[in-house]
Amino acid sequence: GQFTRAGSGVTPSGHNHSQREPVHFLRIWVVPEERGLAPAYGQRAYDRAAAARGFELLASRDGRQGSLQVRQDLDLWLALLAPGDQRELRLRPGRHAWVHVARGEATLNDRELKAGDGAAVTGEESLRLAGRQAAEVLVFDLA
């Protein structure tokens with residue numbers, strides 16, 4: 001994963017180094033909780049094995065577990081689901097979530113989601129994910 005804080009402005013760009021393999025970009029914008037922050041950049045490889053077993057923390061306000069630090073009250077989790085895999089992520093009281101299926105197909109609390117689908121979740125104690133096809137699922141735990 002990569003992180004860029006724009007500061008006073010940024011022009012996004014990206015390119016595929018491979019001549020043969022397609023590339024899949026997912027650009028996520030998070031509005032910081034304060035203005036006037038200095039530009040910043042970060043990058044880290046995520047642990048695919050951890051994401052295949054449970055949830056891998058990609059970004060957080062405090063940078064815990066080696067995650068990328070962002071200036072907003074959120075935790076960004078990744079789950080890699082095989083068909084039939086089931087996971088549960090408990091939400092603290094008063095929290096909300098946004099779930100985005102980057103690839104594949106999954107169910108969220110028994111509702112089917114396909115690649116590109118997102119779901120806003122409010123008033124739930126937990127998120128129950130299940131893989132219908134191999135799936136990459138991002139979970140934003142939000143204030």
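1. Which residues account for 61% of the contacts in the protein chain with a separation of 6 or more? Those 24 or more positions apart do. Keep in mind that this is a predicted model.

2. Start with the layout. The protein chain has 12 strands and 1 helix. Along the sequence, the pattern reads β-β-α-β-β-β-β-β-β-β-β-β-β. The helix follows two strands in that pattern.

3. Next, the surface. The protein chain has 143 residues, and 38% of them count as buried. Its accessible surface comes to about 9,100 Å². Carbon and sulfur atoms hold 48% of that surface.

4. Now look at one hairpin. Strand β8 covers residues 105–108, and strand β9 covers residues 111–114. The two run antiparallel, joined by 4 bridges. Thr-107 stands opposite Glu-112 in β9. The hairpin has 2 residues between the strands. In this hairpin, Asn-109 takes a positive phi near 45°.

5. Then find Val-101. Its place is in strand β7, residues 96–103. Is Val-101 buried or exposed? Val-101 counts as buried, because its relative accessibility is 1% and the cut-off for buried is under 20%.

6. What is Val-101 in contact with, leaving aside its neighbours within four places in sequence? The list includes Leu-113 and Lys-114, and strand β9 spans residues 111–114. Ala-115, Gly-116 and Asp-117 are also in contact with Val-101. So are Glu-136 and Val-137.

7. Finally, check one pair on the model. Val-101 and Gly-116 are 15 residues apart along the chain. Their C-alpha atoms are separated by 5.6 Å.

How values were computed. Residues numbered from 1 in each chain as written. Predicted model: local features only at pLDDT ≥ 70, side-chain atom pairs only at ≥ 80, totals over all residues. Heavy atoms only, no water. Pairing = 2+ DSSP bridges. Buried < 20%, exposed > 50% of the residue type's maximum accessible area, 1.4 Å probe, protein only. Contact = heavy atoms within 4.5 Å. Areas by Shrake-Rupley, 256 points an atom, 1.4 Å probe, with all protein chains shown as cover.
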